[in-house]
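Welcome! Take a moment to look over the sequence and the model, and then we can talk them through together.

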Amino acid sequence: MMDKISKFRSSYLWYSFKNDKFAIASFLVFMLLLIIAVFAPLISPYNPYSPDNIFILNAEMPPFWIDGGSKEFLLGTDDQGRDLLSTMIYGLRISIMIGIGAVLLQAILGIIIGLISGYVGGKIDSFFMRLADVQLSFSYLMVAIFLSAIFKAAFGVGTFGEVAVPFLIIVIGLAQWPQYARTVRASVLAEKEKEYVQAARVTGFGSVKIMWSHILPNCLSPIFVLSTIQVANAVMSEAALSFLGLGMPVTRPSLGSLINSGFEYIFSGSWWITAFPGIVLVILVLSVNMLGDWLRDTLNPKLYKG
Amino acid sequence: MSEKLLDVKNLVVNFKMRSGEVTAIDNVSFSLLKGEKFGLVGESGAGKSVTGFSIIKLISKPGYIKSGEILFKNNDLAKLDYESIRKIRGNRISMIFQDPMMTLNPVLTIGTQMIETLMAHKNISKSEARKIAVEKLKKVHIPSPEKRLEQYPHEFSGGMRQRIIIAISLLTDPELIIADEPTTALDVTIQAEIMELLLQLCDSMGMGLILITHDLAVVSQVTDRMAVMYAGKIIEEGNTLEIIENPKHPYTEGLIAALPESASTKEKLNQIPGNMPGLGKIPEGCSFHPRCTKMMDICLTEVPELKEYKKLHRKISCHLYNEKEQ
């Protein structure tokens with residue numbers, strides 16, 4: 001273990017991280033948001049899911065520094081009279097959960113399909129790549145509208161609220177797998193011509209073993225880079241879907257549905273319901289994107305060979 | 001006479017191209033005794049590597065073995081199915097490649113690569129596999145092998161990597177090693193060291209060696225017998241030293257004359273004029289005739305056969321030598 005740590009400390013990754021202020025800052029911000037999301041029940045002053053905290057007389061209270069605000073609700077309250085800070089913390093949790101979950105699903109699907117079509121080639125390759133083209137020509141919004149309409153009609157709106165998180169993960173995950181499949185396939189095409197793959201074949205390894213434990217580890221850096229970008233994309237997709245009312249229900253709002261619910265009150269002067277979740281969303285996406293940029297520069301084999 | 005380890009008979013390898021089928025290996029036959037060292041020599045594109053790969057049935061897609069037998073201990077490899085050939089690859093027959101920088105997987109430690117090779121072929125535990133790996137690394141003179149197992153390929157020099165590759169090919173104690181230009185990517189002093197090591201290991205373990213190279217100097221130092229290939233055919237085969245000292249086929253003569261040592265000082269280096277024909281454009285008659293200095297009329301029309309000439313102790317495929325000399 002100590003050996004691994006000291007190896008990491010002498011690596012180029014650590015060196016580049018240490019010397020990049022943006023990387024450090026965005027990493028710290030992202031970790032802070034992640035910790036807040038994970039420990040939401042401990043940190044947030046109220047539990048927004050509890051019906052006790054819905055109190056219509058408290059609705060649309062401004063933040064504490066504005067007249068009419070109260071120290072009880074630091075960032076004011078939303079249209080239901082819930083503490084906005086607590087609701088945002090729980091919403092952040094849902095947004096991050098969906099973002100990471102959708103990217104995991106995309107990655108698993110995309111990596112398996114990309115590996116197979118890159119390695120096997122021929123008709124299988126053409127089939128999967130055309131499938132990817134078809135998938136990309138559907139807007140994920142359209143897919144989500146279809147699926148959620150069908151689901152709500154079949155099982156009722158109440159049931160939908162309970163399974164909204166896995167539903168969104170599946171919709172966003174399914175919509176974006178071609179990104180991974182294409183990236184992985186391109187790397188596999190480059191890697192499989194290299195001599196170590198030939199050598200592995202000469203050694204008598206089977207195709208699955210060669211794909212999984214020889215080629216895949218060599219394709220990891222583009223996958224890492226893509227993943228950071230895709231997490232940011234998935235968070236935004238979820239926000240967009242929720243904003244359109246296709247995502248998280250009002251009872252368990254994500255950042256996107258909070259922005260949406262505040263939107264109706266923005267002209268009556270309650271700007272904070274939309275503004276604060278919006279700022280958190282921008283910070284979250286920005287920090288993830290900046291981490292991704294740094295990772296792309298660091299792992300780019302054209303800039304650094306190790 | 002000891003038993004035959006490998007007997008390649010009338011091997012034909014074709015490639016299906018868009019413009020039709022081309023023959024890369026045309027009716028090649030040779031054999032290898034147990035523990036014998038055999039050299040395959042020729043220019044780039046002569047079909048040396050394809051011959052090597054077809055022995056373990058590793059010709060990639062457009063290519064396939066059209067006909068012929070590859071008898072490995074009286075077992076025809078050309079007819080084996082995928083699963084059975086996999087049990088022979090890397091187990092009974094190992095292969096060493098040209099570029100040691102490329103042959104090792106850059107993201108796996110040496111230990112991982114050695115242990116997984118062993119465990120793929122032998123029913124042994126990880127710690128036993130580790131023991132064997134350490135022992136083989138010692139055999140190729142890698143210092144402190146236990147520590148080295150934890151390191152990645154980029155932490156080794158070129159010569160060391162090639163020694164590690166040799167160690168990997170030795171893991172399962174194979175009976176035959178096919179070395180495809182094993183020293184081309186290394187500098188001359190390391191070349192000698194690697195060849196010396198390979199030779200010594202083959203002798204001590206009784207392994208057969210097929211050395212594929214364009215380097216006549218290496219062949220003459222290492223092998224017992226050799227075959228010269230041109231445009232997919234063997235054109236001369238026999239005892240290595242006899243061929244080097246007294247080449248009979250005009251192409252072999254040209255090759256040996258082209259060695260820098262053959263030219264006297266201050267003179268231009270000798271060369272064989274022209275290039276080897278592309279696979280689709282092999283000329284009629286003897287495929288070497290457009291470049292041959294001793295071309296006769298018959299060479300334009302008739303394809304010479306590879307015949308054994310007892311007096312000369314070798315097989316030659318050239319019209320210059322006729323029945324009388326057999």
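Here is a short conversation about this predicted model.

Visitor: How many helices does chain A have?
Guide: Good place to start! From the N terminus on, every element listed for chain A is α. Strands come to zero, and the number of helices is 13.

Visitor: Is helix H9 of chain A largely enclosed or not, and why?
Guide: Helix H9 of chain A covers residues 195-202. A residue counts as buried if 20 or more other C-beta atoms lie within 10 Å of its own. Among the buried residues of this helix are A:Tyr196, A:Gln198 and A:Arg201. Seven of its eight residues are buried, so the helix is largely enclosed.

Visitor: Which elements of chain B do the buried residues of H9(A) pack against?
Guide: Within chain A, the partners are helix H8 (164-191) and helix H10 (207-215). From chain B come E6 and helix H3 (100-103).

Visitor: Which strands stand at the edges of the sheet in chain B, and why?
Guide: This open sheet has eight strands, in the order E6-E7-E8-E3-E9-E10-E12-E11, with mixed pairing. A strand with a single partner has one side left without a neighbour in the sheet, so it stands at an edge. That describes E6 (93-96) and E11 (307-309) of chain B.

Visitor: Which residue is the bridge partner of B:Arg225?
Guide: Strand E9 of chain B covers residues 225-230, and strand E10 of chain B covers residues 233-239. These two pair in the antiparallel sense over six bridges. In E10(B), the partner of B:Arg225 is B:Asn239.

Note on methods. Residues are numbered from 1 along each chain as its sequence is written. Chains are lettered from A and ligands numbered from 1 in the order in which they are written. This is a predicted model: local features need pLDDT of at least 70, side-chain atom pairs count only at pLDDT 80 or more; totals for chains, interfaces and linings use all residues. Two strands pair if DSSP finds at least two bridges between them. Helices (H or I, at least four residues) and strands (E, at least two) are DSSP runs, numbered from the N terminus. A residue is buried if 20 or more other C-beta atoms lie within 10 Å of its own, exposed if 12 or fewer, and partly exposed in between; C-beta atoms are placed from the backbone. Two residues are in contact if their C-beta atoms, placed from the backbone, lie within 7 Å.
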